[in-house]
Amino acid sequence: MYNNIKSHSKFLVPGIIVVGMVLRLPFTSIPPIMGTIARDLHVPVASLGTLTTIPLLSFAVFSVFAPRVAQKLGLERAFTFMLGLLIIGSFIRILNTPFLYIGTIFVGIAIAHMNVLLPSVIRTYFPNKVGFMTSVFTFSMMLATALGAALSAPITAVTGWHVFIILVTLLLILALFVWLPNYTFTKADQTTFKVRSVPTIKPNIWRNKYAWLLLIFSGLQSMMFYVQLAWGPTMVVQTGLSSATASMFAGLNSLIGLPFALLVPTIVARLNSKQRQWGVGIFSILGTLGYVLLLHPQGTFIYWLIVNLLIGIGTSALFPYLMTTFSLKTSSAEQTAQLSGMAQSGGYLLAATGPLIFGYAYSWFHSWLPQVIVLIVLFILMTVSILVVEKQDKILY
């Protein structure tokens with residue numbers, strides 16, 4: 001069986017760490033320097049807003065194909081190919097405006113596949129350490145995201161945005177070199193290649209009501225995060241605080257996720273279903289309270305600190321929980337890839353619409369209030385959906 005294979009390259013754990021680091025960095029580091037890019041390209045800033053939406057749409061469209069790509073290439077080879085595509089996509093963004101968009105699409109396609117397949121790698125090679133290894137890659141991902149968001153503007157101010165993207169691309173090349181021994185290790189062992197491949201996704205997963213509930217949870221959790229990432233700073237500034245303060249809160253949201261990325265998967269993997277229900281319920285309530293406070297916005301530092309802490313804790317804890325759940329609710333690496341592909345494909349489609357609708361609605365209502373009310377309702381629905389899923393020990397057998 002695929003998930004019974006223990007033999008792997010000694011570079012597999014370092015490879016998982018570097019893949020985790022590049023799962024968000026190439027596109028989450030761009031929003032802080034979007035104004036600089038727009039001025040250099042002589043285009044309106046608003047026209048570059050899709051640079052944060054394109055990766056999410058790519059996740060939605062291409063995540064479902066990831067298990068089939070792994071079936072054709074094998075897991076290690078699929079990651080090698082996608083890291084190569086990620087490097088190409090990242091680099092060509094510096095050429096001109098059309099390639100800025102084309103490169104971002106390539107970045108989204110590559111990350112979509114690695115998003116889906118990384119839980120399957122962990123389920124395959126570390127079936128008894130699912131929580132710990134999920135902590136490893138989610139922590140590295142959130143650390144790189146926080147550092148990228150914090151350093152992109154200062155580096156760009158000194159060197160220019162082209163140089164910053166080249167530096168990011170060099171980091172991606174380094175990640176490929178760290179991962180490459182895993183490819184050669186698999187290549188040298190041709191007898192197990194077919195076993196290491198992930199079977200084709202089965203259509204009956206789309207008729208599984210619990211998989212659909214997990215898709216809803218995945219999408220709404222991501223939507224909350226990206227809405228806050230895209231519009232949180234604007235809401236802070238509109239209440240009278242400075243842009244510097246708004247940026248500090250954006251960085252705080254990223255840093256909040258670090259301890260949760262490190263601890264949540266390990267803890268969740270040790271809990272039973274009832275205990276996980278209590279845990280996810282508590283974090284969801286905290287996030288909901290943060291949005292409830294947004295119903296009456298205040299222009300004070302303490303107010304926004306509390307709001308960002310509540311929303312940040314809620315969304316930051318739920319993401320590593322979700323990545324762990326893909327493995328806990330399935331019985332094999334094949335099923336993990338299927339469930340991860342389905343939930344992330346549909347989930348990111350929901351997530352991509354959130355920031356877009358949230359922003360356009362402001363031009364209709366000239367207020368954030370209606371959108372905040374909708375988000376509160378969605379947060380409650382998200383919580384209910386995952387509580388129902390947690391009543392089941394496994395949702396795929």
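In this predicted model, the second largest cavity is lined by Met-224, Phe-225, Gln-228, Leu-229, Asn-253, Ile-311, Gly-312, Thr-315 and Ser-316. The elements that contribute two or more residues to this lining are H11 and H14, and the space enclosed in the second largest cavity comes to about 70 Å³. When the residues of this lining are sorted by class, four are nonpolar and five are polar, while no charged residue is found among them.

The largest cavity has a volume of about 230 Å³, and its lining is made up of 15 residues, with Arg-24, Met-141, Met-142, Phe-225 and Phe-319 lying nearest the centre. Phe-225 is thus named in the lining of the largest cavity and also in that of the second largest cavity. Four helices, namely H8 (130-159), H11 (209-238), H12 (243-270) and H14 (301-328), each provide at least two residues of the lining of the largest cavity, and the largest share, four residues, belongs to H11.

The table sets the two cavities side by side.

| Cavity | Volume | Classes of lining residues |
|---|---|---|
| Largest cavity | about 230 Å³ | six nonpolar, eight polar, one charged |
| Second largest cavity | about 70 Å³ | four nonpolar, five polar, no charged |

How many cavities of 30 Å³ or more does the structure hold? There are six cavities that reach this volume in the structure. Empty space of this kind is revealed by rolling a probe the size of a water molecule over the atoms.

Conventions:
Residues are numbered from 1 along each chain as its sequence is written. This is a predicted model: local features need pLDDT of at least 70, side-chain atom pairs count only at pLDDT 80 or more; totals for chains, interfaces and linings use all residues. Side-chain values use heavy atoms; hydrogens and water are left out. On a 1 Å grid over the protein atoms alone, a cavity is a set of points where a 1.4 Å probe fits but cannot get out, and a pocket is an open set with protein on both sides within 12 Å along at least five of seven lines; lining residues have an atom within 4 Å of a point. Grid points are joined across faces, edges and corners, and a volume is the space filled by probe spheres set on the points. Ala, Val, Leu, Ile, Met, Phe, Trp, Tyr, Cys and Pro count as nonpolar, Asp, Glu, Lys and Arg as charged, and the others, Gly among them, as polar.
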